[in-house]
Amino acid sequence: MSQEPDAYIDDSRELRDDDTFCFSCGPEKSCFTSCCYDINLVLMPYDILRLKNRLGMSSDDFLKRYTSVHVGPGTGLPVVLLKMEGPYMKCPFLDEKKGCGVYEDRPAACRTYPLARIAHRSRDMDGVEEFYYVVREPDCMGFKDGREMTVRQWKEQEGLGRYNEMNDIFGELLQAKTESGIAQLHADQIETFYLGCYNVDEFRKFYLESPNLDRYMDPEDVVQRISEDEEELLIHGMRWVKKKIFSGCTMCAMAQK
Ligand code: SF4
Ligand code: SF4
């Protein structure tokens with residue numbers, strides 16, 4: 001969405017599954033596609049997997065062609081941003097006449113808008129608690145004559161289920177980082193994080209196709225599963241990063257040096 005200074009998250013109301021809000025978006029809106037320019041679109045691990053498959057590319061080629069990487073000043077973690085194109089900073093996947101060119105595989109952020117998802121997992125709770133805020137962008141006409149719907153309906157309509165599940169697994173990793181008390185990662189750890197979370201095809205080569213002590217310690221059925229299912233491989237990659245960097249295991253930490 002555009003970065004106008006008066007855009008804001010309306011945190012006066014926490015919306016849960018059965019709560020309603022009013023919104024509609026489509027080619028009939030005068031603002032159609034305007035939100036696909038000049039945005040900081042952060043890609044999550046699952047976004048990258050879906051997009052690189054959509055485009056028939058390896059994750060390595062996708063990352064080189066379409067993204068830039070920054071180390072978050074607050075978190076010290078690598079953040080992957082979609083590179084915008086041209087003088088108007090257009091999303092590379094936008095077809096100006098037809099709209100989103102990767103619609104079925106668009107990133108979670110594009111699906112979730114105009115909501116912002118807040119997810120929280122506490123130690124004594126099974127699963128993740130979530131709620132949503134409405135995000136109000138000044139140029140967005142979606143609130144004008146919007147259709148009333150529940151959050152649950154919005155999530156179904158936008159195909160958010162699997163995206164949220166995968167982002168919650170990534171969230172486990174971010175939470176582990178916070179709990180570890182590690183402020184900054186060194187260069188090797190940043191590389192490990194990037195490999196396990198973002199570059200799934202290179203992770204496959206590293207983990208499954210080359211001699212790897214960690215794989216030898218995995219049960220056979222796990223190795224079988226991650227060899228056959230790319231989403232399982234990505235989940236394994238994120239959990240491997242968590243163990244390698246944030247488990248507090250001295251041996252793992254030494255192996256990273
Ligand atoms: S209604 Fe909002 S979300 Fe839809 S195209 Fe317009 S600016 Fe984008
Ligand atoms: S991925 Fe699609 S919906 Fe998201 S910014 Fe690009 S064109 Fe717009």
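Select strand 8 and strand 9 (residues 129-136): these strands run antiparallel and are joined by six bridges. Strands, like helices, are DSSP runs numbered from the N terminus (strands E, at least two residues; helices H or I, at least four), and two strands pair if DSSP finds at least two bridges between them. Within this pair, Ala119 lies opposite Glu130 of strand 9.

The model is predicted: local features need pLDDT of at least 70 and side-chain atom pairs pLDDT 80 or more, while totals for chains, interfaces and linings use all residues. Residues are numbered from 1 along each chain as its sequence is written, chains are lettered from A and ligands numbered from 1 in the order written, and side-chain values use heavy atoms, without hydrogens and water.

Next, add strand 1, which completes an open antiparallel sheet of three strands in the order 1-9-8. Strand 1 (8-15) and strand 8 (115-120) are the edges; each has a single partner strand, so one side of each lacks a neighbour in the sheet.

Move to the open sheet of three strands ordered 3-5-4, again with antiparallel pairing. Its edge strands, strand 3 (42-43) and strand 4 (67-71), each pair on one side only. Two bridges connect strand 3 with strand 5 (residues 78-82), and Leu43 faces Val80 of strand 5.

Finally, select Tyr216 in helix 8 (residues 213-217). Tyr216 counts as exposed because its relative accessibility is 56% (exposed means over 50%, buried under 20%, partly exposed in between; 1.4 Å probe, protein chains only).
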